[in-house]
Amino acid sequence: MKKLSTLKKSLVMALSVASFSIASVSATQAATAMNEVTAASQSKISLEQALALANKAVKGDIISADFDQEDRNENSHYDIKIVTSNNEKEVSVNANTGKVTKGDAERLDKEDLAEYKAMKQAKVSLSQAIKKANQTLKGKVLEVEFDMDFGKPVYKVEIGKGNQIHKVVVDSMTGKITRSQVSDVDRDD
């Protein structure tokens with residue numbers, strides 16, 4: 001058997017270290033995603049309930065909601081954005097107690113205003129999009145937002161089930177699912 005040259009040994013060693021590092025990062029990201037899905041599943045308040053609580057506190061149109069896990073589920077909450085009088089108001093709903101905290105308000109810029117107007121013309125509501133997206137998966141809804149996707153008005157819904165997070169895109173005009181895939185496990189986007 002031939003002896004490996006120093007260069008080849010170094011290359012083999014570097015590739016081994018890189019492979020191990022990538023596997024470790026992927027495992028950590030998968031654990032983080034699974035922890036978020038688990039935390040959302042264990043919370044006492046669902047995203048749908050949080051939307052109702054937020055809209056009761058701040059009247060307007062909900063444009064997005066996102067589950068945010070902090071401190072091992074103790075301070076987990078939903079970040080919800082509501083548009084009222086061309087202002088975007090941030091509202092936080094505690095995922096365990098349902099306590100609503102109002103945040104800052106920010107005037108919609110030109111691009112956000114155009115997107116909001118497109119949402120107002122949608123034939124499918126945010127709640128209907130959530131139901132449609134979760135109809136077959138029957139998981140825990142982690143995030144929903146209205147967005148323009150390749151020039152088309154859509155709702156993007158993220159659903160956790162088991163140790164996976166599914167991204168589902170629902171056409172806001174027809175209610176049809178236009179895309180569904182298992183997303184990257186990194187939830188900080």
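**View 1. E88, a buried residue in a predicted model.** E88 is buried, because its relative accessible area is 13% and the cut-off for buried is under 20%. Everything you see in these views comes from a predicted model. To find E88, look in strand β3, which covers residues 87-94. And who keeps E88 company? Setting aside the neighbours within four places in sequence, E88 is in contact with I63, K81, I82, V83, D104, A105, E106 and L108.

**View 2. The whole chain, from end to end.** The protein chain has 4 helices and 8 strands. Walk along from the N terminus and the elements come as α-α-β-β-β-β-α-α-β-β-β-β. There are 189 residues in the chain, and 37% of them count as buried. On the outside, the chain exposes about 11,700 Å², with carbon and sulfur atoms supplying 52% of that area. Take the contacts between residues at least 6 apart in sequence: 46% of them join residues at least 24 apart.

**View 3. The sheet and its edges.** Here the strands line up in an open sheet of 8, in the order β4-β3-β2-β1-β5-β6-β7-β8, with antiparallel pairing. β4 (100-107) and β8 (177-182) stand at the edges with a single partner strand each, so one side of each has no neighbour in the sheet. From one strand to the next, the twist averages 20°.

**View 4. A65 and its partners on both sides.** Strand β1 (residues 61-68) pairs with strand β2 (residues 77-84) in the antiparallel sense, over 7 bridges. β1 also pairs with strand β5 (residues 140-149), again antiparallel, over 3 bridges. Which residue stands opposite A65 in β2? That's I80. In β5, the bridge partner of A65 is V144.

**View 5. β5, β6 and the helix packed on the sheet.** β5 and strand β6 (residues 152-161) are an antiparallel pair with 9 bridges. Within this pair, E145 has K156 in β6 as its bridge partner. Helix α4 (residues 126-134) packs on the sheet and touches β1, β5, β6, β7 (164-171) and β8. The direction of α4 makes about 50° with that of β6.

**View 6. How confident is the predictor?** The chain averages a pLDDT of 83, and 76% of the residues score at least 70. Over residues 20-34, though, the pLDDT is below 50. Beyond near neighbours in sequence, that stretch has 8 contacts in the model.

Note on methods:
Residues numbered from 1 in each chain as written. Predicted model: local features only at pLDDT ≥ 70, side-chain atom pairs only at ≥ 80, totals over all residues. Heavy atoms only, no water. Helix = DSSP H or I, 4+ residues; strand = E, 2+ residues; numbered from the N terminus. Buried < 20%, exposed > 50% of the residue type's maximum accessible area, 1.4 Å probe, protein only. Contact = heavy atoms within 4.5 Å. Areas by Shrake-Rupley, 256 points an atom, 1.4 Å probe, with all protein chains shown as cover. pLDDT = per-residue confidence, 0-100. Pairing = 2+ DSSP bridges. Axes fitted to C-alpha atoms, helices over the stretch in contact; angles between N-to-C directions.
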